Amino acid sequence: MRAHIASVLLFALAACGQAAAPDDAGAQTAASGQAAAPAAELSAADRTAILRSMNLSADARGMVENECGERVEPQIQQVDLGGAVGQAALLAMSGGPNMASCYGDGPGLTLLMREGANWRAIYYSRGGFLAVMPTQTRGVRDIAFAGPGFAHPLHRWDGAEYIPAGRSVADAAMENATILP
């Protein structure tokens, strides 16, 4: 189990531009979560629409300009939130040499919901990871901002977007969550 968690952490860190996994002392959040199950690939049209909704345009190599003016490859994956949201998309924007000053400890994360042929942002965070919780509000899974520490801010679906729930979840509650990206 520990080896599986370490490989998931290494993948997540690689996606956000970090070269090495944190030591055990700094990995309490990610180590307690589960790896995300592989999701179906988004179509090229969906990927283009997601980037367009964020005012981004990919070059021939699939690179976009991040907030720091660096060319990076965006990571986009589907995530099942259930209920009225259904299959959402998580856009993770990493950084290059300026990542720490651009996004913090991890990538810039935007969760988007499909609206017809378009996509709309329903949650945004900087640094850390996103934890999709097993609990639900209004039939849509709750999410937590999984950054460093022992407690993580919980967000609930209000019918239009994710809003702070006014409480945090402990590391122990993250054991049944799906940690993304």
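**Strand β9 and its two neighbours**

Before I turn to one strand, let me begin with the surface of this chain, which exposes about 8,900 Å², with carbon and sulfur atoms supplying 54% of that area. Please keep in mind throughout that what you see above is a predicted model.

Looking at the chain as a whole, we have 181 residues, of which 44% are buried, and the secondary structure comes to four helices and 12 strands. If we take the contacts with a separation of 6 or more, then 44% of them are between residues 24 or more positions apart.

Now I would like you to find strand β9, which covers residues 140–146, and which is mostly covered, since five of its seven residues are buried. Which strands does β9 pair with? On one hand there is β8, residues 129–137, which pairs with β9 in the antiparallel sense over six bridges, and on the other there is β10, residues 151–157, which is also antiparallel to β9 but pairs over two bridges.

To follow the β8 pairing on the model, you can start at Q136, whose bridge partner in β9 is R141. Between these two strands the hairpin has two residues, and there R138 takes a positive phi near 55 degrees.

For the other pairing, you can start at A144, whose bridge partner in β10 is L154. Here β9 and β10 form a hairpin with four residues between them, and in that turn G149 has a positive phi of about 120 degrees.

As a last point for reading any such picture, remember that in a regular strand the side chains alternate between the two faces of the sheet.

Key. Residues are numbered from 1 along each chain as its sequence is written. This is a predicted model: local features need pLDDT of at least 70, side-chain atom pairs count only at pLDDT 80 or more; totals for chains, interfaces and linings use all residues. Side-chain values use heavy atoms; hydrogens and water are left out. Buried means under 20% relative accessible area, exposed over 50%, partly exposed in between (1.4 Å probe, protein chains only). Contact means heavy atoms within 4.5 Å. Accessible areas come from the Shrake-Rupley method with a 1.4 Å probe; for residues, only the protein chains shown count as cover. Two strands pair if DSSP finds at least two bridges between them.
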